[in-house]
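The following exercises are to be worked with the sequence and the coordinates at hand. Each task is followed by a solution in steps.

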Amino acid sequence: MAAKVARGDVWIVDLGMVAKIRPCLVLSIPSDDENDRVLTTLVPHTTSTRQSRFEIVIRTPFLREGAFDTQNIITIPTIKLVRKLGKLTADQLSEVEASIKHWLGFDHMPSEGT
């Protein structure tokens, strides 16, 4: 993998035999420190949707019809990223992030001083 991986990118990723090769959205920041593990956190894209509130439909020319499954956040070695397909806009990335925050309960956390 020669290209630099960046937050908001969509890559084709080898998720293993069961999950196969599929597009995934990069959530994590690059591993630039030599002491960091070379890992990437992703949200897989699926074409087999269930109409879940945690499936975020993003329409782009580089993805088939489907959704990012924000209940299925994974972290894998960066070497498993095969090819970059494109990049989401800031608004599209924000939509996925909001769903992840909701799934993890981060949108219900009390603010400091309350």
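Helices (H or I, at least four residues) and strands (E, at least two) are DSSP runs, numbered from the N terminus. The model is predicted: local features need pLDDT of at least 70, side-chain atom pairs count only at pLDDT 80 or more, and totals for chains, interfaces and linings use all residues. Residues are numbered from 1 along each chain as its sequence is written, and side-chain values use heavy atoms, with hydrogens and water left out.

**Exercise 1. Fold and dimensions**

Determine the order of the secondary structure elements of the protein from the N terminus on, and compare its radius of gyration with the globule rule.

Solution.
- Step 1. The elements run β-β-β-β-β-β-β-α, that is, seven strands and one helix.
- Step 2. The radius of gyration (over C-alpha atoms) is to be set against the globule rule, 2.2 Å times the number of residues to the power 0.38.
- Step 3. For 114 residues the rule gives 13 Å, and the radius of gyration of the protein is 15 Å, close to that value, so the protein is as compact as a globular protein of that length.
- Step 4. The C-alpha trace spans about 45 × 40 × 25 Å along its principal axes.

**Exercise 2. The setting of Asp-9**

Establish whether Asp-9 is buried or exposed, and identify the side chain with which its own side chain makes a polar contact.

Solution.
- Step 1. Asp-9 belongs to strand 1 (residues 9-14).
- Step 2. Buried means under 20% relative accessible area, exposed over 50%, and partly exposed in between (1.4 Å probe, protein chains only). Asp-9 has 1% relative accessibility and therefore counts as buried.
- Step 3. A contact requires heavy atoms within 4.5 Å. Leaving aside residues up to four places away in sequence, Asp-9 touches Lys-4, Cys-24, Leu-25, Val-26, Lys-84, Gly-86 and Lys-87.
- Step 4. A polar contact is a pair of N or O atoms within 3.5 Å; within protein, one must be able to donate a hydrogen and the other to accept it, and residues adjacent in sequence count only if both atoms are side-chain atoms. The side chains of Asp-9 and Lys-87 make such a contact at 3.4 Å.

**Exercise 3. Two loop residues**

Classify Thr-78 as buried or exposed, and do likewise for Gln-51.

Solution.
- Step 1. Thr-78 is placed in the loop between strand 6 (74-77) and strand 7 (81-87); its relative accessibility is 8%, so Thr-78 counts as buried.
- Step 2. Gln-51 occupies the loop between strand 3 (39-46) and strand 4 (55-56); its relative accessibility is 70%, so Gln-51 counts as exposed.
- Step 3. The phi angle of Gln-51 is near 65 degrees, a positive value in a residue other than glycine.
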